[in-house]
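Dear colleague,

I am passing on the structure we spoke about, and below it I have set out what was found in it. Please keep it open beside you while you read.

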Amino acid sequence: MKAATAICAAMAGPTMAEVVSCDFSGTPIQFEIDYAQFAPPMNPDEPTQRRVTTVQLGEATFPAEPILLGDIRGFWADGMGGSDVMMVMQGDGSAVYANTRAGERLTGTCEVLQ
């Protein structure tokens with residue numbers, strides 16, 4: 001009985017991660033935001049940990065740093081051939097993707113999947 005209660009309590013708890021799925025004129029982008037990465041450290045002496053997500057852009061995947069500011073979601077990545085890549089989704093689902101090296105700027109829409 002205790003095990004069943006623990007399982008139900010864990011399932012009823014808050015979502016610890018969300019998947020953001022976007023469409024930029026036929027170019028799909030998907031990544032996950034893990035809320036646990038944004039929690040303050042348990043001990044103030046712990047070193048700062050880098051937040052990381054894996055972005056799937058079409059057929060390619062690359063590591064990026066997720067962004068979570070209120071209802072704004074996104075990611076930032078560097079080192080892709082010397083470029084900076086950033087994607088920002090506003091609370092209404094509108095989004096912008098920019099790749100500085102390629103001079104690429106796309107607009108699209110995103111949704112948060114639970």
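I begin with Glu18, which is buried, because its relative accessible area is 3% and the limit for burial is under 20%. Please bear in mind throughout that this is a predicted model, and that every value quoted here is computed from it.

Glu18 has its place in strand β1, which covers residues 17-24. The side chain of this glutamate makes a polar contact with the side chain of Arg73 at 2.3 Å, and it makes another with the side chain of Tyr35 at 2.6 Å. Leaving aside residues up to four places away in sequence, Glu18 touches Phe31, Glu32, Ile33, Tyr35, Arg73, Val112, Leu113 and Gln114. One of these neighbours, Val112, is 94 residues away from Glu18 in sequence, yet the two C-alpha atoms are 6.6 Å apart in space.

Thr53, in strand β3, can be read alongside Glu18. Thr53 is also buried, since its relative accessible area of 5% falls under 20%. The side chain of Thr53 reaches the backbone oxygen of Glu32 at 2.6 Å. Again not counting residues up to four places away in sequence, Thr53 touches Phe31, Glu32, Phe62, Pro63, Ala64 and Pro66; Phe31 and Glu32 are also among the residues that Glu18 touches.

Ala36 offers a contrast, as it is found in the loop between β2 (27-34) and β3 (53-57). With a relative accessible area of 44%, Ala36 counts as partly exposed, because that value lies between the limits of 20% and 50%. The C-alpha atom of Ala36 is separated by 6.4 Å from that of Met16, although their positions lie 20 residues apart along the chain when counted from one to the other.

Turning to the open space in the model, the largest pocket holds about 280 Å³. This pocket is lined by 13 residues, of which Gln37, Ala39, Pro40, Pro41 and Gln49 are the closest to its centre. By character, the lining divides into six nonpolar, three polar and four charged residues.

As for the chain as a whole, it has one helix and eight strands, and when it is read along the sequence the pattern is α-β-β-β-β-β-β-β-β. Of the 114 residues in the protein chain, 25% are buried, and Glu18 and Thr53 are among them. Among contacts with a separation of 6 or more, 32% are between residues 24 or more positions apart. The protein chain exposes about 7500 Å², and carbon and sulfur atoms supply 56% of that area.

If you have time for one place only, I would suggest looking at Glu18 together with its polar contacts to Tyr35 and Arg73, and then following the chain to Thr53 and its link to the backbone oxygen of Glu32.

With best wishes

How values were computed
Residues numbered from 1 in each chain as written. Predicted model: local features only at pLDDT ≥ 70, side-chain atom pairs only at ≥ 80, totals over all residues. Heavy atoms only, no water. Helix = DSSP H or I, 4+ residues; strand = E, 2+ residues; numbered from the N terminus. Buried < 20%, exposed > 50% of the residue type's maximum accessible area, 1.4 Å probe, protein only. Polar contact = N/O pair within 3.5 Å; in protein donor to acceptor, adjacent residues only side chain to side chain. Contact = heavy atoms within 4.5 Å. 1 Å grid on protein atoms, 1.4 Å probe; cavity = no way out; pocket = protein on both sides within 12 Å on 5 of 7 lines; lining within 4 Å. Points joined across faces, edges and corners; volume = space filled by probe spheres on them. Nonpolar A, V, L, I, M, F, W, Y, C, P; charged D, E, K, R; others polar. Areas by Shrake-Rupley, 256 points an atom, 1.4 Å probe, with all protein chains shown as cover.
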